[in-house]
Amino acid sequence: MSVLMDARTDVAVIGSGIVGLCCAHALQQQGERVLLIDASGPGAAASFGNAGSISVGNLMPQATPGILGKAVRMLFDPLAPLKLDWSRLPSYSTWLLRFLLASRRKTLLPIIDALHTINHASRASWLQLAEAIGANDLLAHSGYLHVYSEPESFAEAAWERELMQQRGVAFSVLDRHALHELEPQIGADFSQAVFQHDALAMRDPAGFCQRLADALQQRGVAYQRATVTALTRVGNSYRLDTDHGRIHAARIVIAAGAWSNRLLRAFDLRVPLIPARGYHLMFAPPPAPVVHRPTLWAERYMVISPMQHGIRMTSIKELTALDGEPHYQRIRRLLPEARKLFPLLPADYQAEWSGYRPCTPDSLPIIDQVPNEQIFLAFGHGHLGLTQAPITGQWIAQRMSGAKTGIDLAPYRWNRF
């Protein structure tokens with residue numbers, strides 16, 4: 001449903017990735033009149049290309065003690081997942097400093113607890129959402145498998161396993177026999193693994209986003225494909241200038257991912273958010289099963305996942321700026337590594353993709369409100385946008401209605417840095 005421009009709505013949600021769609025769903029469930037605005041269509045940006053893991057057991061941020069030494073070593077390894085777009089370094093140099101500060105042990109435990117809180121709460125929200133829109137067929141109860149090729153890496157991760165145990169994450173440590181029973185086609189180099197039992201898997205992230213968008217429009221949520229160029233407060237409401245005209249809204253939700261800061265300039269607010277470009281390769285459906293669940297190779301930060309339309313391999317965290325050109329050779333050179341993980345991967349890939357993950361220095365999302373404004377913030381989910389989207393939508397809707405969220409949202413405030 002497209003709207004006539006110069007339209008009016010109770011709530012304008014800017015961004016129709018999985019986070020924006022989930023915000024619109026929760027608001028519509030509350031009885032709000034909602035308009036979704038996005039330039040590219042539902043789930044067409046970062047939500048399109050993720051690995052499909054709904055990682056409810058993950059609690060480790062990207063920045064951990066010792067990350068500086070690890071990062072320096074990775075920069076000299078052509079197969080490492082961390083890449084820097086050196087031409088754009090000035091745009092994210094301050095972010096890097098905040099990233100290092102977030103890795104200190106004295107600041108790390110509160111971050112871990114906040115990540116655990118949102119990820120743990122996400123499972124029930126995902127089950128409710130899939131049921132509500134008739135999309136249970138796209139949601140698999142497969143768990144999430146982390147595998148290790150080096151005993152030293154597995155030993156270093158003992159602290160993470162201890163933290164998971166302390167917080168009640170359901171997981172098992174697998175030896176070679178148990179691992180190869182769970183994933184019979186995994187490579188011979190892998191003999192140690194951690195299996196997170198409660199994780200879910202999305203078999204078609206883009207397809208789910210489209211199905212959710214269709215359900216929203218059937219329930220009266222309007223949709224406009226447009227680029228918002230400016231936000232202006234006009235009295236007690238807001239004017240959104242777009243490349244297709246103007247929209248007037250009483251309240252706004254900004255869920256525009258890596259582009260969110262651009263929309264906040266008029267309100268003198270900027271958060272440390274950068275685009276970290278991720279990549280994937282898609283392989284044709286194999287004649288026999290190759291992989292049964294999202295499987296992360298810990299040392300390579302590579303995930304291979306079964307999808308409804310084939311097999312997806314994701315990797316690379318490339319710190320960059322918006323609107324730069326992707327460097328597809330960075331993921332293509334990982335093809336031999338992917339076949340070490342699953343030797344029976346099809347001979348060649350069918351498609352390649354890149355997209356911007358909206359990353360904060362501490363790996364926590366922004367779920368908050370602009371001071372003295374009816375503008376609500378739902379972005380910065382980094383690598384966990386798929387996992388955290390439904391609960392983010394619920395918390396945003398509850399905050400907008402004045403209802404209690406049941407948890408303290410302070411760890412996700414915009415001005416915590």
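**Getting to know a predicted model**

Trainee: Which word fits Asp 323, buried or exposed?

Mentor: Keep in mind as we go that this is a predicted model. A residue needs a relative accessible area over 50% to pass the cut-off for the upper class. Asp 323 has a relative accessibility of 53%, so Asp 323 counts as exposed.

Trainee: Which residue forms a salt bridge with Asp 323?

Mentor: Side chains of opposite charge can pair when their charged atoms come close. Here the closest N and O atoms are 3.0 Å apart, and the cut-off for a salt bridge is 4 Å. The partner of Asp 323 is Arg 262.

Trainee: How many residues apart in sequence are the parts that this pair ties together?

Mentor: Find Arg 262 in the loop between strand 13 and strand 14 (274–283). Asp 323 lies in another loop, between strand 17 (310–319) and helix 9 (329–332). Because the two partners sit in these separate loops, the pair ties together parts of the chain whose separation in sequence is 61 residues.

Trainee: What class of exposure does Arg 262 fall into?

Mentor: The middle class runs between 20% and 50% relative accessible area. Arg 262 has a relative accessibility of 39%, so it counts as partly exposed.

Trainee: How many salt bridges does the structure hold?

Mentor: The bridge between Arg 262 and Asp 323 is one example. Another joins the side chains of Arg 211 and Asp 137, at 2.7 Å from N to O. For the whole structure, the count is 17.

Trainee: Where does Asp 137 lie, and how many residues separate it from Arg 211?

Mentor: Arg 211 and Asp 137 meet in a salt bridge. This pair links distant parts of the chain, with Arg 211 in helix 8 (residues 205–218). Asp 137 is in the loop between helix 4 (105–132) and strand 5 (139–140), and the separation is 74 residues.

Trainee: Which helix holds both Lys 340 and Glu 337?

Mentor: These two residues form a salt bridge, with their closest N and O atoms 3.1 Å apart. They are 3 residues apart, about one turn of the helix. Their home is helix 10 (residues 335–341).

Trainee: Which of these partners is buried, and which residues make up the network they belong to?

Mentor: Lys 340 is partly exposed, with a relative accessible area of 40%. At 6% relative accessibility, the buried partner is Glu 337. Salt bridges with shared partners connect a network made of Asp 77, Arg 300, Glu 337 and Lys 340.

Trainee: Which helix gives the most residues to the nonpolar patch on the surface?

Mentor: The patch is formed by Leu 68, Val 72, Leu 75, Phe 76, Trp 86 and Leu 100, with about 630 Å² of accessible area together. Val 72, partly exposed at a relative accessible area of 40%, is found in helix 2. With 3 residues, the leading contributor is helix 2 (residues 67–75).

Trainee: Which strand is joined to strand 1 by 7 bridges?

Mentor: Strand 1 (residues 7–14) is mostly covered, as 6 of its 8 residues are buried. To see one pairing, look at Ala 12, which stands opposite Ile 252. The two strands run parallel, and the partner is strand 13 (residues 245–254).

Trainee: What is the handedness of the crossover from strand 1 to strand 2?

Mentor: Strand 1 also pairs with strand 2 (residues 34–38) in the parallel sense, over 4 bridges. Within that pairing, Val 13 has Leu 36 as its bridge partner. The chain travels between the two strands through helix 1 (residues 18–29), and this β-α-β crossover is right-handed.

Trainee: Which strands stand at the edges of the open sheet of 3 strands?

Mentor: Its order is 3-9-5, with antiparallel pairing. Each edge strand has a single partner strand, so one of its sides is left without a neighbour in the sheet. Those edges are strand 3 (53–54) and strand 5.

Trainee: What is the radius of gyration of the protein chain?

Mentor: The chain has 11 helices and 20 strands, and 58% of its 417 residues count as buried. Its C-alpha trace spans about 65 × 45 × 40 Å along the principal axes. A compact globule with 417 residues would have a radius of gyration near 22 Å, which agrees with the chain's value of 21 Å.

Technical notes: Residues numbered from 1 in each chain as written. Predicted model: local features only at pLDDT ≥ 70, side-chain atom pairs only at ≥ 80, totals over all residues. Heavy atoms only, no water. Patch = residues over 30% accessible without salt bridge, like charges linked within 9 Å, V, L, I, M, F, W, Y side chains within 5 Å. Areas by Shrake-Rupley, 256 points an atom, 1.4 Å probe, with all protein chains shown as cover. Buried < 20%, exposed > 50% of the residue type's maximum accessible area, 1.4 Å probe, protein only. Pairing = 2+ DSSP bridges. Right-handed = clockwise from strand over helix to strand, strands pointing away. Rg over C-alpha atoms; globule rule 2.2 N^0.38 Å.
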